[in-house]
Amino acid sequence: MTERAKVCTDRIAPRDEMRFQPTTRASDRRVRAIAPIGKTWMNGSKLRVRFMGGSPAEQAKAREQAGWWTQVANLQLEFGNAPDAEIRIAFDPNDGAWSYIGTDCRGIPLNSPTMNLGFLDGGTAAHEFGHAIGLAHEHQNPAGGIQWKESVVIAEMAKSPNFWDAAKTRHNILTRYRADQINGTVFDPNSIMLYFFPGTWTVSGIGTKANEVLSSVDKQFIAGAKMYPKTGGTVSTATELKVNAPRRTTASIGKVGEEDLFRFSAASDGRYVIDTRGTTDVVMKLFGPNSETALIAEDDDSGYAYNARIAASLIAGDYYVQVRHYNRASGVGNYSVKVKKE
């Protein structure tokens with residue numbers, strides 16, 4: 001591989017298409033960052049995938065490498081021609097390799113791709129599917145410790161085959177996430193989410209190698225408590241919540257990594273409030289209408305006594321509520337949940 005390596009880009013969802021419903025909170029509180037914030041799919045989701053072109057061989061390679069993730073993660077990928085598929089893949093050789101991250105895909109117009117596989121070297125398709133299910137670039141891990149020669153990196157990425165401007169290079173290579181923005185692991189030099197970078201680009205003179213398969217840490221992380229554990233429930237087992245029920249529904253996070261799923265039906269348009277109570281520090285996500293993959297809002301501690309609370313204007317339909325402990329890797333405890341129409 002030459003020093004002018006092919007590198008994929010993260011596509012940023014348009015703000016006006018991905019603006020979350022606001023959550024109510026007191027002025028002295030903050031919603032803790034869940035990172036990438038709001039970009040993980042509901043555990044156990046079935047994501048539909050539609051090809052927008054590509055040869056049979058290209059499509060077969062994409063299917064194969066996508067399967068590397070579903071072998072270990074509690075996710076399903078259904079390949080077909082659904083016009084509203086969550087993941088839509090183009091194969092434009094003039095547009096490089098890129099993907100929107102996780103649930104950002106739901107905010108992209110249905111006639112546009114959410115991923116492009118302009119080249120399929122090594123594990124490129126697996127790398128892009130990693131983005132599609134919510135993973136960021138490993139070299140932007142705050143634990144990575146890579147010190148870049150910024151002027152060198154910017155100059156090299158401006159050349160063929162990338163032709164990036166400085167802003168795109170900073171976004172995709174030089175800028176690290178903050179520790180509170182990610183569900184992260186220690187830096188993994190073998191991750192499929194890490195690209196090859198030559199030593200001439202770093203202050204230490206030590207580069208990275210091209211990784212073409214999922215590493216053991218990739219597999220452990222994607223199947224672990226912070227992402228898509230097999231122990232999680234699915235929408236078919238979701239507990240029903242009655243709107244304006246006289247009593248709260250009690251529940252508990254009994255095992256590390258467990259995620260509770262609830263569903264409720266909004267009989268008419270209006271403003272609905274879903275909140276938790278108790279001493280257990282939980283995070284709540286709301287999906288719908290009539291969809292387990294369309295994320296509406298996410299909240300941690302904007303409710304009473306730092307409990308989770310989402311207030312949103314909803315149309316009539318079925319909705320799903322996902323609740324997990326804030327410390328997805330270790331937290332357990334009891335809580336209650338209720339949904340009401342104001």
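Helices and strands here are DSSP runs, numbered from the N terminus. With that naming in hand, let's walk through the structure, keeping in mind that it is a predicted model.

A good habit is to check confidence before anything else. The mean pLDDT of this protein is 81, and 79% of the residues reach 70 or more. Some stretches do fall short, though. Over residues 14-35 the pLDDT stays under 50, and the model gives that stretch 56 contacts beyond four places in sequence. Residues 178-182 also stay under 50, with 14 such contacts. Read those parts of the picture with that in mind.

Now find strand β2, which covers residues 46-52, and strand β3, which covers residues 76-79; the two pair in the parallel sense over 4 bridges. To get between them, the chain goes from β2 through helix α1 (residues 56-70) and on to β3, making a β-α-β crossover that is right-handed. If you want a spot to line the two strands up by eye, use K46, which stands opposite Q76 in β3.

Stay with β2 for a moment and turn to the aromatic rings. The structure holds 5 aromatic pairs. In one of them, the ring centres of F51 and F91 are 5.8 Å apart and the planes meet at 45°, so this pair counts as tilted. The pair brings together distant parts of the chain: F51 belongs to strand β2, while F91 sits in the loop between β4 (87-90) and β5 (97-100), 40 residues apart. Are these two residues buried or exposed? F51 is buried because its relative accessibility is 15%, and a residue counts as buried when that value is under 20%. F91 is buried too, with a relative accessible area of 11%. There is also a third ring to look for, since ring pairs link F51, F79 and F91 into a cluster.

Next, jump further along the chain to the loop between β12 (295-299) and β13 (309-314), where you will find N307. Sitting in a loop doesn't put N307 on the outside: its relative accessible area is 3%, so it is buried. Which residues does N307 touch, leaving out those up to four places away in sequence? They are T276, R277, G278, T280, D299, D300, D301 and S302. Take T280 as an example: it is 27 residues from N307 in sequence, yet the C-alpha atoms of the two are 8.1 Å apart in space. The side chain of N307 also reaches the backbone oxygen of Y304, at 2.9 Å.

The loop between β12 and β13 holds A305 as well. Here the backbone is what to look at: A305 has a positive phi of about 55° although it is not a glycine. With 44% relative accessibility, A305 counts as partly exposed, whereas N307 is buried.

Another residue of this kind is N244, in the loop between β7 (239-240) and β8 (249-253). N244 isn't a glycine, but its phi is positive, at about 60°. Its relative accessibility is 45%, so N244 counts as partly exposed.

One last backbone detail is worth a stop. P289 lies in the loop between β11 (282-287) and β12. The peptide bond leading from G288 to P289 is cis, with omega near -5°.

Technical notes: Residues numbered from 1 in each chain as written. Predicted model: local features only at pLDDT ≥ 70, side-chain atom pairs only at ≥ 80, totals over all residues. Heavy atoms only, no water. Pairing = 2+ DSSP bridges. Right-handed = clockwise from strand over helix to strand, strands pointing away. pLDDT = per-residue confidence, 0-100. Contact = heavy atoms within 4.5 Å. Buried < 20%, exposed > 50% of the residue type's maximum accessible area, 1.4 Å probe, protein only. Polar contact = N/O pair within 3.5 Å; in protein donor to acceptor, adjacent residues only side chain to side chain. Phe/Tyr/Trp six-rings, centres within 6.5 Å; stacked < 30°, edge-to-face > 60°.
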